[in-house]
Amino acid sequence: MLNSRHGVHYKLAEKIMARRTKEDALKTREHIVDAAVTVFHERGVARPSLTDIAKLAGVTRGAIYGHFKNKADLVNALTARIRLPADTLCETDPERLRKDPLGELRSRWLELYTEVAHNREWQLILDIIFHRIELVTESGEIHQRMEEGRGTAIEHMRNMLQLAVEAGQLDQDLDIKLAAAVLHGALVGVLEDWLLQPDAYNLAKMGERNVGALFDMLRLSSALRKPT
(Lines give C-alpha, C1' and ligand atoms only; values in the text may rest on other atoms or scores of the structure.)
Protein backbone atom coordinates (compact mmCIF):
# COMPACT_ATOMS: atom_id res chain seq x y z
CA MET A 1 0.00 0.00 0.00
CA LEU A 2 2.82 2.34 0.95
CA ASN A 3 4.67 1.59 -2.28
CA SER A 4 1.48 2.22 -4.24
CA ARG A 5 0.98 5.61 -2.64
CA HIS A 6 4.63 6.44 -3.15
CA GLY A 7 4.30 5.58 -6.83
CA VAL A 8 1.25 7.84 -7.22
CA HIS A 9 3.04 10.72 -5.51
CA TYR A 10 6.11 10.18 -7.67
CA LYS A 11 4.07 10.27 -10.88
CA LEU A 12 2.25 13.41 -9.71
CA ALA A 13 5.58 15.06 -8.94
CA GLU A 14 6.84 14.10 -12.40
CA LYS A 15 3.81 15.69 -14.04
CA ILE A 16 4.23 18.90 -12.03
CA MET A 17 7.92 19.09 -12.91
CA ALA A 18 7.19 18.45 -16.58
CA ARG A 19 4.55 21.18 -16.59
CA ARG A 20 6.90 23.64 -14.90
CA THR A 21 9.66 22.76 -17.33
CA LYS A 22 7.33 23.41 -20.27
CA GLU A 23 6.14 26.69 -18.76
CA ASP A 24 9.73 27.79 -18.17
CA ALA A 25 10.61 26.92 -21.76
CA LEU A 26 7.68 28.98 -23.07
CA LYS A 27 8.69 31.92 -20.88
CA THR A 28 12.24 31.70 -22.18
CA ARG A 29 10.98 31.59 -25.74
CA GLU A 30 8.86 34.70 -25.21
CA HIS A 31 11.79 36.53 -23.57
CA ILE A 32 13.87 35.74 -26.64
CA VAL A 33 11.16 37.06 -28.97
CA ASP A 34 10.81 40.21 -26.83
CA ALA A 35 14.55 40.79 -27.11
CA ALA A 36 14.49 40.16 -30.86
CA VAL A 37 11.79 42.81 -31.34
CA THR A 38 13.96 45.37 -29.53
CA VAL A 39 17.23 44.44 -31.25
CA PHE A 40 15.79 44.15 -34.77
CA HIS A 41 13.90 47.42 -34.45
CA GLU A 42 16.96 49.31 -33.22
CA ARG A 43 19.60 47.76 -35.50
CA GLY A 44 17.87 46.00 -38.37
CA VAL A 45 17.77 42.27 -38.99
CA ALA A 46 21.03 41.63 -40.86
CA ARG A 47 23.59 43.39 -38.66
CA PRO A 48 22.94 42.08 -35.11
CA SER A 49 23.83 38.50 -34.25
CA LEU A 50 21.87 35.94 -32.27
CA THR A 51 24.44 36.51 -29.52
CA ASP A 52 23.25 40.13 -29.24
CA ILE A 53 19.69 38.91 -28.80
CA ALA A 54 20.79 36.28 -26.28
CA LYS A 55 22.55 38.92 -24.15
CA LEU A 56 19.48 41.13 -24.03
CA ALA A 57 17.22 38.16 -23.25
CA GLY A 58 19.58 36.98 -20.50
CA VAL A 59 20.08 33.54 -22.07
CA THR A 60 22.85 31.69 -23.90
CA ARG A 61 23.17 31.54 -27.67
CA GLY A 62 22.50 27.81 -27.37
CA ALA A 63 19.17 28.57 -25.67
CA ILE A 64 18.12 30.50 -28.75
CA TYR A 65 18.96 27.55 -31.00
CA GLY A 66 16.90 25.41 -28.66
CA HIS A 67 13.84 27.37 -29.80
CA PHE A 68 14.71 28.77 -33.25
CA LYS A 69 16.75 27.27 -36.06
CA ASN A 70 17.92 30.61 -37.48
CA LYS A 71 17.21 34.33 -37.71
CA ALA A 72 14.45 33.81 -40.29
CA ASP A 73 12.68 31.44 -37.91
CA LEU A 74 12.93 34.10 -35.19
CA VAL A 75 11.45 36.77 -37.47
CA ASN A 76 8.64 34.37 -38.28
CA ALA A 77 7.94 34.16 -34.55
CA LEU A 78 7.63 37.96 -34.45
CA THR A 79 5.04 37.97 -37.21
CA ALA A 80 3.04 35.33 -35.34
CA ARG A 81 2.35 37.97 -32.67
CA ILE A 82 0.41 40.17 -35.07
CA ARG A 83 -2.17 39.87 -37.81
CA LEU A 84 -0.67 40.58 -41.19
CA PRO A 85 -2.93 41.82 -44.01
CA ALA A 86 -3.35 38.26 -45.28
CA ASP A 87 -4.44 37.14 -41.80
CA THR A 88 -6.92 39.99 -41.57
CA LEU A 89 -8.54 39.12 -44.88
CA CYS A 90 -8.78 35.46 -43.87
CA GLU A 91 -10.77 36.35 -40.76
CA THR A 92 -13.85 37.54 -42.63
CA ASP A 93 -17.31 36.63 -41.44
CA PRO A 94 -18.89 34.34 -44.11
CA GLU A 95 -22.41 35.69 -43.64
CA ARG A 96 -21.39 39.35 -43.72
CA LEU A 97 -19.10 38.62 -46.66
CA ARG A 98 -22.02 37.14 -48.60
CA LYS A 99 -24.37 40.06 -47.86
CA ASP A 100 -21.91 42.96 -48.08
CA PRO A 101 -18.49 42.05 -49.58
CA LEU A 102 -17.20 45.62 -49.80
CA GLY A 103 -18.44 46.41 -46.31
CA GLU A 104 -16.63 43.37 -44.94
CA LEU A 105 -13.44 44.30 -46.79
CA ARG A 106 -13.66 47.82 -45.37
CA SER A 107 -14.23 46.51 -41.84
CA ARG A 108 -11.26 44.16 -41.93
CA TRP A 109 -8.82 46.82 -43.12
CA LEU A 110 -10.07 49.50 -40.73
CA GLU A 111 -9.79 46.97 -37.91
CA LEU A 112 -6.14 46.42 -38.88
CA TYR A 113 -5.43 50.16 -39.00
CA THR A 114 -7.05 50.71 -35.61
CA GLU A 115 -5.10 47.87 -34.00
CA VAL A 116 -1.80 49.14 -35.38
CA ALA A 117 -2.57 52.69 -34.26
CA HIS A 118 -3.05 51.61 -30.64
CA ASN A 119 -0.69 48.65 -30.25
CA ARG A 120 2.96 49.57 -29.75
CA GLU A 121 4.27 46.02 -30.20
CA TRP A 122 2.45 45.72 -33.53
CA GLN A 123 4.02 49.00 -34.61
CA LEU A 124 7.52 47.77 -33.80
CA ILE A 125 7.05 44.42 -35.55
CA LEU A 126 5.49 45.92 -38.68
CA ASP A 127 8.26 48.53 -38.80
CA ILE A 128 10.79 45.68 -38.71
CA ILE A 129 8.98 43.88 -41.53
CA PHE A 130 8.58 46.95 -43.76
CA HIS A 131 11.78 48.91 -43.08
CA ARG A 132 14.42 46.88 -41.26
CA ILE A 133 14.86 43.63 -43.18
CA GLU A 134 17.87 44.30 -45.38
CA LEU A 135 18.20 42.65 -48.78
CA VAL A 136 20.98 40.19 -47.99
CA THR A 137 21.36 36.45 -48.46
CA GLU A 138 20.64 35.87 -44.78
CA SER A 139 17.16 37.36 -45.10
CA GLY A 140 16.17 35.53 -48.30
CA GLU A 141 13.91 33.11 -46.46
CA ILE A 142 12.26 36.02 -44.64
CA HIS A 143 11.48 37.82 -47.89
CA GLN A 144 10.13 34.62 -49.38
CA ARG A 145 7.66 34.30 -46.51
CA MET A 146 6.69 37.97 -46.91
CA GLU A 147 6.06 37.44 -50.63
CA GLU A 148 3.91 34.40 -49.89
CA GLY A 149 1.88 36.48 -47.45
CA ARG A 150 1.45 39.21 -50.05
CA GLY A 151 0.25 36.67 -52.60
CA THR A 152 -2.26 35.24 -50.15
CA ALA A 153 -3.60 38.70 -49.29
CA ILE A 154 -4.05 39.68 -52.94
CA GLU A 155 -5.77 36.36 -53.70
CA HIS A 156 -8.26 36.93 -50.88
CA MET A 157 -8.83 40.47 -52.08
CA ARG A 158 -9.56 39.22 -55.60
CA ASN A 159 -12.15 36.83 -54.20
CA MET A 160 -13.79 39.61 -52.18
CA LEU A 161 -13.87 41.94 -55.20
CA GLN A 162 -15.40 39.15 -57.30
CA LEU A 163 -18.13 38.74 -54.69
CA ALA A 164 -18.68 42.51 -54.74
CA VAL A 165 -19.13 42.41 -58.52
CA GLU A 166 -21.59 39.53 -58.22
CA ALA A 167 -23.50 41.44 -55.53
CA GLY A 168 -23.81 44.50 -57.80
CA GLN A 169 -21.56 46.67 -55.61
CA LEU A 170 -18.99 47.05 -58.39
CA ASP A 171 -19.30 47.10 -62.18
CA GLN A 172 -19.12 43.91 -64.18
CA ASP A 173 -16.27 45.28 -66.31
CA LEU A 174 -13.94 45.84 -63.31
CA ASP A 175 -10.48 44.40 -63.95
CA ILE A 176 -10.36 42.43 -60.69
CA LYS A 177 -6.74 41.30 -60.99
CA LEU A 178 -5.49 44.85 -61.51
CA ALA A 179 -7.86 46.31 -58.93
CA ALA A 180 -6.75 43.86 -56.22
CA ALA A 181 -3.07 44.65 -56.80
CA VAL A 182 -3.66 48.41 -56.75
CA LEU A 183 -5.89 48.24 -53.70
CA HIS A 184 -3.51 46.04 -51.72
CA GLY A 185 -0.51 48.22 -52.59
CA ALA A 186 -2.31 51.39 -51.55
CA LEU A 187 -3.65 50.00 -48.29
CA VAL A 188 -0.32 48.51 -47.20
CA GLY A 189 1.41 51.68 -48.38
CA VAL A 190 -0.57 53.68 -45.82
CA LEU A 191 0.83 51.45 -43.07
CA GLU A 192 4.39 51.80 -44.32
CA ASP A 193 4.08 55.57 -44.63
CA TRP A 194 2.52 56.04 -41.21
CA LEU A 195 5.15 53.92 -39.46
CA LEU A 196 7.83 56.31 -40.71
CA GLN A 197 6.06 59.23 -38.96
CA PRO A 198 3.45 57.86 -36.55
CA ASP A 199 2.86 61.30 -35.03
CA ALA A 200 2.07 62.90 -38.38
CA TYR A 201 -1.61 61.91 -38.42
CA ASN A 202 -4.21 59.65 -36.84
CA LEU A 203 -3.90 56.31 -38.65
CA ALA A 204 -7.41 55.09 -37.78
CA LYS A 205 -9.14 58.28 -38.99
CA MET A 206 -6.96 58.79 -42.04
CA GLY A 207 -7.25 55.08 -42.84
CA GLU A 208 -11.03 55.39 -43.01
CA ARG A 209 -10.81 58.24 -45.52
CA ASN A 210 -8.16 56.36 -47.46
CA VAL A 211 -10.30 53.24 -47.79
CA GLY A 212 -13.29 55.35 -48.86
CA ALA A 213 -11.22 57.07 -51.54
CA LEU A 214 -9.92 53.75 -52.84
CA PHE A 215 -13.42 52.28 -53.02
CA ASP A 216 -14.53 55.35 -55.01
CA MET A 217 -11.62 54.63 -57.35
CA LEU A 218 -12.86 51.06 -57.82
CA ARG A 219 -16.27 52.38 -58.85
CA LEU A 220 -15.23 55.33 -61.00
CA SER A 221 -11.74 54.85 -62.47
CA SER A 222 -11.78 54.07 -66.19
CA ALA A 223 -8.21 52.76 -65.84
CA LEU A 224 -9.57 49.85 -63.75
CA ARG A 225 -11.99 48.68 -66.43
CA LYS A 226 -11.28 45.55 -68.49
CA PRO A 227 -9.69 46.25 -71.89
CA THR A 228 -12.22 46.32 -74.69
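Helices and strands here are DSSP runs, with at least four residues for a helix and at least two for a strand, numbered from the N terminus. By that count, the chain has 11 helices and zero strands. Welcome to this structure, which is a predicted model. The chain has 228 residues, and 37% of them count as buried. The points below take you through the overall layout, the pocket, an aromatic pair, a span named in a record, and a few single residues.

**Overall layout**

- If you follow the sequence from its start, the pattern reads α-α-α-α-α-α-α-α-α-α-α.
- Strands do not appear in that pattern, as their number is zero.

**The largest pocket**

- A good place to look next is the largest pocket, whose volume is about 630 Å³.
- Its lining is made up of 24 residues, and those closest to the pocket centre are I129, M146, E147, G149 and R150.
- Several helices contribute to this lining: helix 4 (71-79), helix 5 (85-90), helix 8 (120-131), helix 9 (140-166) and helix 10 (176-196) each give at least two residues.
- Helix 9 provides the largest share of the lining, with nine residues.
- Sorted by class, the lining holds 12 nonpolar residues, six polar ones and six charged ones.
- Both domain 1 (1-81) and domain 2 (82-227) take part, each giving at least three residues to the lining of the largest pocket.

**An aromatic pair in helix 7**

- A pair of aromatic rings is described by two things, the distance of the centres and the angle of the planes.
- The structure holds one aromatic pair.
- Its partners are W109 and Y113, with ring centres 6.2 Å apart and planes at 55°; planes under 30 degrees apart would count as stacked and over 60 as edge-to-face, so this pair is tilted.
- You will find both W109 and Y113 in helix 7 (residues 101-118), where they sit four residues apart, or about one turn of the helix.
- W109 has a relative accessibility of 1%, so this residue counts as buried.
- Y113 is buried too, because its relative accessible area is 0%.

**A span named in UniProt**

- An unreviewed UniProt entry lists residues 49-68 as "DNA-binding region".
- In the model, this span is 65% helix and 0% strand, and the C-alpha atoms at its two ends lie 13 Å apart.
- For a residue to locate by eye, try G62, which is found in helix 3 (residues 61-65).
- G62 has a relative accessibility of 49%; exposed requires over 50%, so G62 counts as partly exposed.
- The C-alpha atoms of G62 and L50 are separated by 9.5 Å, while the two residues are 12 apart along the chain.

**Helix 11 and the segment after it**

- L218 is found in helix 11.
- With a relative accessibility of 1%, L218 falls under the 20% limit and therefore counts as buried.
- L218 and L183 are 35 residues apart in sequence, and their C-alpha atoms are 8.6 Å apart in space.
- P227 belongs to the segment that follows helix 11 (203-220).
- P227 counts as exposed because its relative accessibility is 73%.
- Between P227 and D173 there are 8.7 Å from C-alpha to C-alpha, and the two residues are 54 apart along the chain.

Terms used. Residues numbered from 1 in each chain as written. Predicted model: local features only at pLDDT ≥ 70, side-chain atom pairs only at ≥ 80, totals over all residues. Heavy atoms only, no water. 1 Å grid on protein atoms, 1.4 Å probe; cavity = no way out; pocket = protein on both sides within 12 Å on 5 of 7 lines; lining within 4 Å. Points joined across faces, edges and corners; volume = space filled by probe spheres on them. Nonpolar A, V, L, I, M, F, W, Y, C, P; charged D, E, K, R; others polar. Domains from an automatic or database assignment. UniProt positions renumbered as here; feature names shortened; annotations may be inferred. Phe/Tyr/Trp six-rings, centres within 6.5 Å; stacked < 30°, edge-to-face > 60°. Buried < 20%, exposed > 50% of the residue type's maximum accessible area, 1.4 Å probe, protein only.
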